[in-house]
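Reader: I would like a close look at a single part of this model, a loop and the residues in it, set against the chain as a whole. Please explain the terms as you go.

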Amino acid sequence: MAGISTGTPTADDLIRDLAGAFGVPPGGLTDVTVTDWTHRDYIGGSYLVYRSGQIEQFAPVLRLAATNLVRFAGSDFSSWPNSMEGAVRSGHDAADALLRVVA
């Protein structure tokens with residue numbers, strides 16, 4: 001389970017909120033990990049939002065480009081959708097794939 005907070009909650013606050021959100025007893029959650037994405041090296045933030053069609057307009061050009069040096073990354077490209085964890089893992093996967101191409 002994952003949660004997002006804009007404040008500085010205690011571990012008990014997080015456990016109570018996550019348990020309530022997912023309908024499980026608080027005793028069923030035994031550990032909480034907090035990651036402040038805004039202070040992680042090379043990340044510096046959280047979600048970025050585009051309006052509908054803003055990125056899609058570039059799809060034809062990207063499909064025509066004869067390159068294997070373009071990779072897309074983000075939470076939607078990961079096995080952890082809708083989370084910064086997924087976005088970061090996807091970014092690492094994209095970087096690894098590019099490094100294999102240029103090596």
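Author: What follows goes from the whole chain to the loop and then to a patch on the surface.

This is a predicted model, in which local features need a pLDDT of at least 70 and side-chain atom pairs count only at pLDDT 80 or more, while totals for chains, interfaces and linings use all residues. Residues are numbered from 1 along each chain as its sequence is written, and side-chain values use heavy atoms, with hydrogens and water left out.

The protein chain has 3 helices and 0 strands, in the order α-α-α from the N terminus; helices (H or I, at least four residues) and strands (E, at least two) are DSSP runs, numbered from the N terminus. The mean pLDDT, which is the predictor's confidence in each residue from 0 to 100, is 76 for the protein chain, and 79% of its residues reach 70 or more. Among the elements, H2 has the lowest mean pLDDT (72) and H3 the highest (88).

Of the 103 residues, 17% count as buried, where buried means under 20% relative accessible area, exposed over 50%, and partly exposed in between (1.4 Å probe, protein chains only).

The loop in question runs between helix H2 (59-64) and helix H3 (84-102), and Ser78 is found there. Ser75 lies in this loop too, and Ser75 counts as buried because its relative accessible area is 11%. Contact means heavy atoms within 4.5 Å, and, leaving aside neighbours within four places in sequence, Ser75 is in contact with Trp80, Pro81, Asn82, Ser83, Gly86 and Ala87. With neighbours within four places in sequence again left aside, Ser78 is in contact with Gly86 and Ser90, so Gly86 appears in the lists for Ser75 and Ser78. Between the two serines themselves, the backbone oxygen of Ser75 lies 2.9 Å from a polar atom of the side chain of Ser78.

On the surface, Leu69, Leu99, Val101 and Val102 form a nonpolar patch with about 350 Å² of accessible area together. Patches are made of residues with over 30% relative accessible area and no salt bridge (a side-chain nitrogen of Lys or Arg within 4 Å of a carboxyl oxygen of Asp or Glu), and nonpolar side chains (Val, Leu, Ile, Met, Phe, Trp, Tyr) are joined within 5 Å, like charges within 9 Å. Val102, which is found in helix H3, is exposed because its relative accessible area is 57%.

Methods:
A polar contact is a pair of N or O atoms within 3.5 Å; within protein, one must be able to donate a hydrogen and the other to accept it, and residues adjacent in sequence count only if both atoms are side-chain atoms. Accessible areas come from the Shrake-Rupley method with a 1.4 Å probe; for residues, only the protein chains shown count as cover.
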